[in-house]
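Student: I should like to learn how to read the features of a structural model. May we work through one example together?

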Amino acid sequence: MSYLAKFRPALRTAIGEAARKAFAHNPVDPTRTGNRVLKAKPIGPLVANHYADPKVTEGFFRLLSPSFRTEQEERRAAKLLRLRRRGKSPPKKGEGKRKSKK
């Protein structure tokens with residue numbers, strides 16, 4: 001049994017509240033205060049500064065080398081090449097389904 005049990009309920013809550021404020025503790029009731037999130041060191045600026053802006057670096061490399069392609073462009077070109085070999089690539093402009101109907 002705690003030492004607060006021998007006091008009246010009003011005095012007990014007052015003592016608990018004073019102790020909470022003095023020792024910077026969270027409220028005892030199970031409400032969400034968001035304290036854990038607020039105490040954490042913000043990581044947004046660190047992440048934002050860690051990665052370079054892709055548009056800036058891409059433009060810079062395109063100025064240095066006109067044949068520069070991003071990974072996504074390389075993957076897309078390789079996929080189109082595979083599809084063309086199999087005859088599954090998209091038709092050239094004007095040679096689609098409508099042209100074969102006429």
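Tutor: Certainly. Please keep in mind that this is a predicted model. A suitable starting point is the surface, where Ile43, Leu46, Val47 and Tyr51 form a nonpolar patch with about 460 Å² of accessible area together.

Student: Where is Ile43 found, and is Ile43 buried or exposed?

Tutor: Ile43 is found in the loop between helix 2 (35-39) and helix 3 (44-50). Its relative accessible area is 58%. Residues over 50% are classed as exposed, so Ile43 is exposed.

Student: What does the secondary structure of the protein come to?

Tutor: The protein has six helices and zero strands. Along the sequence, the pattern reads α-α-α-α-α-α.

Student: How should I judge the overall form, and what radius of gyration does the protein have?

Tutor: One compares the radius of gyration with the value for a compact globule of 102 residues, which would be near 13 Å. The protein has 33 Å. Taken along the principal axes, the box filled by its C-alpha atoms is roughly 95 × 45 × 20 Å.

Student: What share of the residues is buried, and how much area does the protein expose?

Tutor: Of the 102 residues, 2% are buried. The protein exposes about 10300 Å², and carbon and sulfur atoms supply 59% of that area.

Student: How do I check the length of a helix, taking helix 1 as the case?

Tutor: The check sets the span expected at 1.5 Å a residue against the distance between the end C-alpha atoms. Helix 1 covers residues 9-22, and its 14 residues should span 20 Å; the end C-alpha atoms are 20 Å apart, so the two values agree. Helix 5, residues 71-86, has 16 residues and reaches 23 Å from its first C-alpha to its last, close to the expected 22 Å.

Student: Which residues with a positive phi follow these helices?

Tutor: Helix 1 is followed by Ala24, with a positive phi near 55°. Just after helix 5 comes Gly87, whose phi is positive at about 80°.

Student: How many salt bridges are found in the whole structure?

Tutor: The general idea is that side chains of opposite charge can pair when their charged atoms come close. In this structure, a search finds two salt bridges. Arg20 pairs with Glu17, with the closest N and O atoms 2.6 Å apart. Both residues lie in helix 1, three residues apart, which is about one turn of the helix.

Student: Why does that spacing matter for direction in an α-helix?

Tutor: An α-helix has 3.6 residues a turn, so residues three or four places apart point the same way. As for exposure, Arg20 counts as partly exposed at 23% relative accessibility, and Glu17 is partly exposed at 35%.

Student: Which residue forms a salt bridge with Glu73?

Tutor: Glu73 forms a salt bridge with Arg62, and their closest N and O atoms are 2.8 Å apart. Glu73 lies in helix 5 and Arg62 in helix 4 (residues 54-64), so the pair ties together parts that are 11 residues apart in sequence. Glu73 is partly exposed, at 27% relative accessible area, and Arg62 is partly exposed at 31%.

Student: Finally, which residues form the aromatic cluster?

Tutor: A pair of aromatic rings is described by the distance of the centres and the angle of the planes. Here the count comes to two aromatic pairs, and Phe60, Phe61 and Phe68 form one aromatic cluster.

Note on methods:
Residues are numbered from 1 along each chain as its sequence is written. This is a predicted model: local features need pLDDT of at least 70, side-chain atom pairs count only at pLDDT 80 or more; totals for chains, interfaces and linings use all residues. Side-chain values use heavy atoms; hydrogens and water are left out. Helices (H or I, at least four residues) and strands (E, at least two) are DSSP runs, numbered from the N terminus. The expected span of a helix is 1.5 Å times one less than its number of residues. Patches are made of residues with over 30% relative accessible area and no salt bridge: like charges are joined within 9 Å, nonpolar side chains (Val, Leu, Ile, Met, Phe, Trp, Tyr) within 5 Å. Accessible areas come from the Shrake-Rupley method with a 1.4 Å probe; for residues, only the protein chains shown count as cover. A salt bridge is a side-chain nitrogen of Lys or Arg within 4 Å of a carboxyl oxygen of Asp or Glu. Buried means under 20% relative accessible area, exposed over 50%, partly exposed in between (1.4 Å probe, protein chains only). The radius of gyration is taken over C-alpha atoms; the globule rule is 2.2 Å times the number of residues to the power 0.38. Rings of Phe, Tyr and Trp (its six-membered ring) pair if their centres lie within 6.5 Å; planes under 30 degrees apart count as stacked, over 60 as edge-to-face and the rest as tilted.
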